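This report introduces the structure shown below to a reader who has not met it before. It takes up the sheet, the elements around it, the core and one residue in a loop.

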Amino acid sequence: KKIFYLNIKNNKQILIFPTQISFYNYRAQLKKNNHPYLDQNYDFFKNLNKKNKNHVLIKLFPFRTCENVKKIWKKKFKNNINFAETYLSKVHFNKSRLVVINDVSTPLYELMYIGVPFILMSDDKFSGLNKRFVKKLKKLEKLNILHTSPIKAAKFVNNNYDNIDNWWKIVSKKKDFTNF
């Protein structure tokens with residue numbers, strides 16, 4: 001399959017595109033990426049350097065709880081955060097230098113198709129997914145696409161932000177990526 005490459009060199013935006021946050025029975029949530037207070041994106045953002053924090057745009061999942069999630073972000077980071085309009089269908093992928101996702105879901109496949117650099121942050125053991133698929137997914141960790149720690153993901157972005165396009169051109173041609 002041909003991988004498309006968008007010209008992202010002039011893009012500055014780091015788009016954080018979290019999955020749906022659930023406030024319903026969240027204390028029983030085992031997956032942090034759906035938990036309103038334990039979402040790994042908070043630690044990721046907190047550990048970005050100041051320059052990279054200024055490039056972040058958060059596109060919350062268009063769900064009835066998104067305003068509550070926005071309040072949590074603002075409380076944690078003293079309103080020093082930028083949000084995309086939640087209910088607009090425009091996702092902002094094409095304007096991004098890098099997209100940060102935290103779930104194996106539709107955005108993962110959309111990003112692979114359009115060729116925008118992304119990282120997937122998840123400490124999930126991917127239970128419930130096909131074992132062959134999980135094996136291929138875990139190979140993305142060696143390519144720095146999959147990160148099991150938000151702190152390590154932020155460190156990767158801090159160290160590679162200026163060269164994300166070069167990194168992406170290399171890793172998106174690697175066998176482990178194309179097989180995925």
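## The sheet

In this predicted model, five strands make up an open sheet, with parallel pairing and the order β2-β1-β3-β4-β5. At its edges lie β2, residues 56-58, and β5, residues 146-147, each of which pairs on one side only.

Within the sheet, β3 covers residues 96-101 and β4 covers residues 118-121; the two pair in the parallel sense over three bridges. In this pair, V99 stands opposite F118 of β4. In general, the strands of a sheet pair through backbone hydrogen bonds, in either a parallel or an antiparallel manner.

## Elements along the chain

The chain contains eight helices and five strands. Read from the N terminus, these elements follow the order β-α-α-β-α-β-α-β-α-β-α-α-α.

One of the helices, α6 (residues 150-160), lies across β1 (13-17), β3, β4 and β5. Relative to β4, helix α6 runs at about 165°.

## Burial and contacts

The chain has 180 residues, and 49% of them count as buried. The area exposed by the chain is about 10,200 Å², of which carbon and sulfur atoms supply 50%. Among contacts in the chain with a separation of 6 or more, 68% are between residues 24 or more positions apart.

## The nonpolar core

In soluble globular proteins, nonpolar side chains tend to be buried together. Here the largest nonpolar core has 53 residues. The residues with the most contacts inside this core are F44, W73, V99, F118, I119, I145 and W167; V99 and F118 are also the residues that stand opposite each other in the pairing of β3 with β4. Helix α3, residues 66-77, provides the largest share of the core, with five residues.

What is W73 in contact with, leaving aside its neighbours within four places in sequence? Its partners are I16, N41, Y42, F45, I58, L60, I81 and F83.

## A buried residue in a loop

N102 is located in the loop that connects β3 with α4 (106-114). Is N102 buried or exposed? The relative accessible area of N102 is 1%. Because buried means under 20% relative accessible area, N102 counts as buried. The side chain of N102 is joined to that of D39 by a polar contact of 3.4 Å.

Conventions:
Residues are numbered from 1 along each chain as its sequence is written. This is a predicted model: local features need pLDDT of at least 70, side-chain atom pairs count only at pLDDT 80 or more; totals for chains, interfaces and linings use all residues. Side-chain values use heavy atoms; hydrogens and water are left out. Two strands pair if DSSP finds at least two bridges between them. Helices (H or I, at least four residues) and strands (E, at least two) are DSSP runs, numbered from the N terminus. Contact means heavy atoms within 4.5 Å. Axes are lines fitted to C-alpha atoms, for helices over the stretch in contact, and angles run from 0 to 180 degrees between N-to-C directions. Buried means under 20% relative accessible area, exposed over 50%, partly exposed in between (1.4 Å probe, protein chains only). Accessible areas come from the Shrake-Rupley method with a 1.4 Å probe; for residues, only the protein chains shown count as cover. A nonpolar core is a set of buried Ala, Val, Leu, Ile, Met, Phe, Trp, Tyr and Cys residues joined through side-chain atoms within 4.5 Å. A polar contact is a pair of N or O atoms within 3.5 Å; within protein, one must be able to donate a hydrogen and the other to accept it, and residues adjacent in sequence count only if both atoms are side-chain atoms.
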